Amino acid sequence: MAGELWVGVLVGITGGLLGLIMNHFLPMFLKLGHNVPKGSFGWPLLGETLGFLKPHPSNTLGAFLQDHCSRYGNVFKSHLFLSPTVVSCDQELNYFILQNEGKLFQCSYPKPIHGILGNVSMLVAVGDTHKRLRNVAVSLVSITKSKPEFLSDIERTAIQILSSWKDKQQVVFCEEARKFSFNVIVKQVLGLTSEEPETREILDDFLTFMRGLVSIPLYIPGTPYARAVQARSRISSRVKAIIEERRSGKSRSLRNDFLEILLSVDTLSEDEKVSFVLDSLLGGYETTSLLMAMVVHLLGKSPTALEQLKLEHEQITSLKEKDECLNWEDYKTMEFTQNVISEALRYGNIVKFVHRKALKDVKFRDYLIPSGWKVLPVFTAVHLDSSVHANALQFHPWRWETQDQTSKRFTPFGGGSRCCPGSELAKIEVAFFLHHLVQNFRWTAEDADQPMAYPYVEFGKGLLINLDRCST
């Protein structure tokens with residue numbers, strides 16, 4: 001009897017393994033002879049995901065993409081994130097994918113991301129839900145970006161952060177950048193200042209939330225992923241409480257922030273409004289702070305660019321009254337600053353790729369992308385392609401004096417209908433921070449602390465910089 005039981009268990013295990021293997025390789029054989037791109041599916045279940053995610057400097061393609069592009073070309077098949085996948089390192093195909101969102105391709109992030117962000121997050125929503133959320137985001141950004149109150153909040157926060165460096169010889173810049181970007185975004189979205197207790201509570205939960213986004217997706221009590229889901233629930237509850245306070249009239253005063261405008265929007269449900277607030281905090285916190293760190297890292301290695309940047313901001317200061325705030329017109333004159341930011345985005349590659357899937361069989365050139373397959377347009381590959389950008393492996397802000405910053409060769413914030421609506425706000429924050437930084441400090445960083453792609457980008461040591469105050 002026991003022997004029969006073990007035989008049954010063995011047969012079950014063997015059948016399960018064979019099922020996994022068949023499920024893994026079957027998509028490859030079903031499309032034989034249909035011009036599916038060449039490539040490899042790797043190991044059953046795991047596929048080639050571990051190789052694809054292997055850390056590498058963010059200003060390189062990494063060994064996986066270099067190897068596969070040299071063996072199979074710039075478009076190849078693989079098996080990533082538990083799905084048969086077409087990987088595109090091709091400029092034209094990337095553009096084609098981004099421009100056909102909702103028609104031929106659809107946003108398709110792994111399910112664990114949905115578990116943390118929620119299904120109505122603008123980052124994962126599709127169709128009409130995404131369109132409604134994005135329309136609100138675009139409207140809010142266009143209303144906000146040139147408002148004197150928003151610009152003065154940014155500048156005031158930058159001055160506060162830099163004033164705290166007065167007696168310091170070193171700072172961990174990534175920590176300072178996150179402090180700056182969080183204080184700006186929480187004020188803009190929820191009307192909260194850094195001194196209010198709620199801000200500290202939201203930040204603590206938000207840090208837990210961020211750690212879970214890049215963790216192993218196991219919902220087991222005590223794991224970073226489980227703690228992140230719980231932290232999101234707590235943030236949502238706090239946001240709902242703030243909404244109730246505003247609606248009941250108990251709020252101390254009328255706040256000029258995103259939430260106040262959101263409350264008057266009748267195209268979004270209550271859950272969508274709460275999710276919108278979380279998306280705004282996420283985008284305004286992590287992406288902006290990382291871009292700041294990338295710019296500071298690269299300027300520290302380019303004294304010529306730093307000197308030209310300083311001259312540009314000294315010229316702006318010379319035309320203003322003492323203690324006069326920066327304004328929208330000042331921002332529009334920061335031409336070299338924009339070039340530095342664009343080059344940091346191209347060279348540093350804060351967003352390496354995005355997740356899409358084919359909604360139907362798609363033919364592009366001689367390739368067939370099968371329906372249901374995951375599709376990964378890799379922006380890094382185009383940004384670092386010397387046939388697209390001259391001397392692509394060099395940090396050279398001057399290239400943008402003659403090169404179009406809105407072309408399909410440059411997609412740091414994605415493209416098409418899912419292009420990041422808050423990208424301009426991030427650039428404004430970085431530009432205003434740089435205005436005060438370059439006129440007051442010089443810095444050096446450790447050569448060993450390089451931005452690494454995991455694929456999310458991170459400085460291993462937090463970008464420790466040594467400070468020297470400029471003589472006035």
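Is W328 buried or exposed? This tour of a predicted model returns to that residue after a view of the whole chain.

**The whole chain**

Begin with the entire chain displayed as a cartoon. Its secondary structure amounts to 17 helices and 13 strands. The radius of gyration is 24 Å, close to the 23 Å given by the globule rule for 472 residues, so the chain is as compact as a globular protein of that length. Measured out along the principal axes, the C-alpha atoms fill a box of roughly 85 × 55 × 40 Å.

Next, switch on the surface. The chain exposes about 22,100 Å², of which carbon and sulfur atoms supply 56%. Of the 472 residues, 51% count as buried. Contacts may be displayed at this stage as well: among those with a separation of 6 or more, 71% join residues that are 24 or more positions apart.

Colouring by charge shows 52 positive and 51 negative side chains. The centres of these two sets lie 6 Å apart.

**Aromatic side chains**

Now select the aromatic residues. A search of the whole structure finds 23 aromatic pairs. Zoom in on F206 and Y285, whose ring centres are 5.1 Å apart and whose planes meet at 90°, so this pair is edge-to-face. The pair links distant parts of the chain: F206 belongs to helix α9 (residues 197-213) and Y285 to helix α12 (residues 270-299), 79 residues apart. F206 has a relative accessibility of 0% and counts as buried; Y285, with a relative accessible area of 3%, is buried too.

Move on to W328 and Y331. Their rings form a tilted aromatic pair, with 5.3 Å from centre to centre and 40° between the planes. Both residues lie in helix α14 (residues 328-332), and because they are 3 residues apart there, about one helical turn separates them. The opening question can now be settled: W328 has a relative accessible area of 18% and is buried, since the cut-off for that class is under 20%. Its partner Y331, at 1% relative accessibility, also counts as buried.

For a group of rings, select F52, F64, Y72, F76, F81 and F353, which form one aromatic cluster.

**Two loops with a positive phi**

Most residues other than glycine have a negative phi. Two loop residues may be inspected with this in mind.

Select N349 in the loop between α15 (335-348) and β6 (356-358). Its phi is near 55°, a positive value in a residue other than glycine. N349 is buried, with a relative accessible area of 2%.

Then select R365, located in the loop between β7 (362-364) and β8 (367-369). R365 likewise has a positive phi, of about 55°, although it is not a glycine.

**The last stop: Q450**

Finish at Q450, in the loop between β10 (441-445) and β11 (451-453). How is Q450 placed with respect to the surface? Its relative accessible area of 28% makes Q450 partly exposed.

Display the surroundings of Q450. Leaving aside residues up to four places away in sequence, Q450 touches H297, K301, E458, F459 and G460. To view a separation across the model, draw a line between the C-alpha atoms of Q450 and L218: the two residues are 232 apart along the chain, and these atoms are separated by 30 Å.

Technical notes
Residues numbered from 1 in each chain as written. Predicted model: local features only at pLDDT ≥ 70, side-chain atom pairs only at ≥ 80, totals over all residues. Heavy atoms only, no water. Helix = DSSP H or I, 4+ residues; strand = E, 2+ residues; numbered from the N terminus. Rg over C-alpha atoms; globule rule 2.2 N^0.38 Å. Buried < 20%, exposed > 50% of the residue type's maximum accessible area, 1.4 Å probe, protein only. Contact = heavy atoms within 4.5 Å. Areas by Shrake-Rupley, 256 points an atom, 1.4 Å probe, with all protein chains shown as cover. Lys, Arg positive; Asp, Glu negative; His and termini not counted. Charge placed at Lys NZ, Arg CZ, Asp CG, Glu CD. Phe/Tyr/Trp six-rings, centres within 6.5 Å; stacked < 30°, edge-to-face > 60°.
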